[in-house]
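Please look through the sequence and the fold below before reading on. The paragraphs after them move from one part of the chain to the next.

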Amino acid sequence: MTPPALEDLVVTQAGPDDWPVISGWAGDEGWNPGLSDGTAFFAQDPEGFFLGRIDGEPVSAISVVNYGSDYAFLGCYLVRPDLRGRGHGLTTWKTALAHAGSRTIGLDGVVAQQDNYRRSGFAFAHRTVRCTGTAPVAEPPTGVHAVRQADLADLNVYDSACFPADRPRFLARWLTEAGHRAVVRRTGDHVTGYGVIRPGRDCLRIGPLFADTADDARAVFTALTADAVGTEVAVDVPETNTAGIALAEEAGFTPSFETARMYTGPVRPYARERVFGVTTLELG
């Protein structure tokens, strides 16, 4: 049988109905996507997802999700295993990248692709280490409660200080999506940390885990895992946050996967020291 030719590939925008295909491929690659991620992803940028098809059958995927006028994030870069090495991924990549316009683009690249990303203009920023382990028994923390409607405005402000762009549309779904459990720590009226835990394909995922200090991060982590004692949990920690790595080790978590955060240009300043766990490897 003659293999499908590159010219047979048609790249178009993908919709929510296509998400099971994309997330299924991601799961097969060991990325452990969250079971309800798609709703929040498409809420941020419904035009930022793409599929390559041959004779109507999906063979490649990518997302280039825009945040405001200055920043975009690339993820979900996938080609069906039986059709790799034929240029379908690169064609899909080039088509989707135009969606970002002149924005700086970020991504979390797996080790095998990092040289390709460098050749495409992405520069290394830091490693991110997925730490995985069994949620430990711990004393209930103080000052932490489940996120309520009254917290949302403050959390948007806090999140914006910890991320290279504002993302209220995304957060509105991420904090309230079915299966997602979000908690916030406050000192008086001041937010000092927050986090979300959600079910993934292979284990529970924490992200984000943003906090002012290691003590705040520990309190948020403990509150998130309180109902998951004995269950496997994963959190993606920037290696530059040594307190975050130490917190994961303290909980008995060990490295299981790594990526590299890379950018095509400058991003606005944000409180990198507060990022004890990134939100997702797909949208930053």
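What follows is a walk through helices, cores, backbone features and charged pairs.

The model is predicted, and the first helices offer a convenient place to begin. In α1 (19-28), the buried residues are Trp19, Ile22, Ser23, Trp25, Ala26 and Gly27, and what covers them includes α2, β2, β3 and β4. Just after α1, Gly30 takes a positive phi of about 85°. Asn32, in the loop that runs between α1 and α2 (37-44), likewise has a positive phi, near 55°, although this residue is not a glycine. Most residues other than glycine have a negative phi, and most peptide bonds are trans. Asn32 counts as buried because its relative accessibility is 3%, where the limit is under 20%.

A contrasting case is found in the loop between β2 and β3, where Asp55 is located. The phi of Asp55 is near 55°, again a positive value in a residue other than glycine, yet Asp55 is exposed because its relative accessible area is 75%, and exposed residues are those over 50%. Strand β2 itself contains Arg53, which is buried with a relative accessible area of 19%. The side chain of Arg53 is joined to that of Asp18 by a polar contact of 3.0 Å. If residues up to four places away in sequence are left aside, Arg53 touches Asp8, Leu9, Val10, Thr12, Asp18, Pro58 and Val59.

Helix α3, which spans residues 88-97, has His88, Gly89, Thr92, Trp93 and Ala96 as its buried residues. Seen down the axis of α3, these buried residues fall within an arc of 135°, so they line one face of the helix. An α-helix has 3.6 residues a turn, so residues three or four places apart point the same way. The cover over the buried residues of α3 includes the strands β1 (9-13), β2 (49-54), β3 (57-67), β4 (71-79) and β5 (104-110), together with helix α4 (114-119).

Which residues have the most contacts inside the largest nonpolar core? In this core of 41 residues they are Ile22, Phe49, Tyr67, Leu175 and Tyr194. Apart from it lies another core, of 24 residues, among them Val183, Leu204, Ala228 and Phe276. In soluble globular proteins, nonpolar side chains tend to be buried together. Of the residues named for the largest core, Ile22 is also among the buried residues of α1.

Tyr194 leads on to another part of the chain, since, not counting residues up to four places away in sequence, its contacts include Leu155, Tyr158, Asp159, Leu171, Val183, Pro208 and Phe210. One of these partners, Asp159, is found in helix α5 (residues 152-161) and counts as buried, because its relative accessibility is 0%. With the same neighbours in sequence set aside, Asp159 touches Arg167, Leu171, Tyr194 and Phe210. Another partner of Tyr194 is Pro208, which lies in strand β10 (residues 204-211). The peptide bond from Gly207 to Pro208 is cis, with omega near 0°.

The charged pairs complete the picture, and a search of the whole structure finds 21 salt bridges. In one of them the side chains of Arg127 and Glu258 meet, at 2.7 Å from N to O. This pair links distant parts of the chain, with Arg127 in strand β6 (residues 123-134) and Glu258 in strand β12 (residues 254-263), 131 residues apart. Arg127 is partly exposed, with a relative accessible area of 25%, and Glu258 is also partly exposed, at 30%. Together with Glu239, Arg127 and Glu258 are linked in a network of salt bridges.

Are the residues of the pair formed by Arg186 and Asp151 buried or exposed? Their side chains meet in a salt bridge of 3.1 Å, N to O, which connects distant parts of the chain, Arg186 being in strand β8 (residues 181-187) and Asp151 in the loop between β7 (144-146) and α5, 35 residues apart. Arg186 is buried, with a relative accessible area of 18%, and Asp151 counts as buried at 4% relative accessibility. A further salt bridge is formed by Glu177 with Arg173, whose closest N and O atoms are 3.6 Å apart. In this pair Glu177 is buried, with a relative accessible area of 13%, whereas Arg173 is partly exposed, with a relative accessible area of 36%.

Methods:
Residues numbered from 1 in each chain as written. Predicted model: local features only at pLDDT ≥ 70, side-chain atom pairs only at ≥ 80, totals over all residues. Heavy atoms only, no water. Helix = DSSP H or I, 4+ residues; strand = E, 2+ residues; numbered from the N terminus. Buried < 20%, exposed > 50% of the residue type's maximum accessible area, 1.4 Å probe, protein only. Contact = heavy atoms within 4.5 Å. Core = buried A, V, L, I, M, F, W, Y, C linked by side-chain atoms within 4.5 Å. Arc of directions from axis to C-beta. Polar contact = N/O pair within 3.5 Å; in protein donor to acceptor, adjacent residues only side chain to side chain. Salt bridge = Lys/Arg side-chain N within 4 Å of Asp/Glu carboxyl O.
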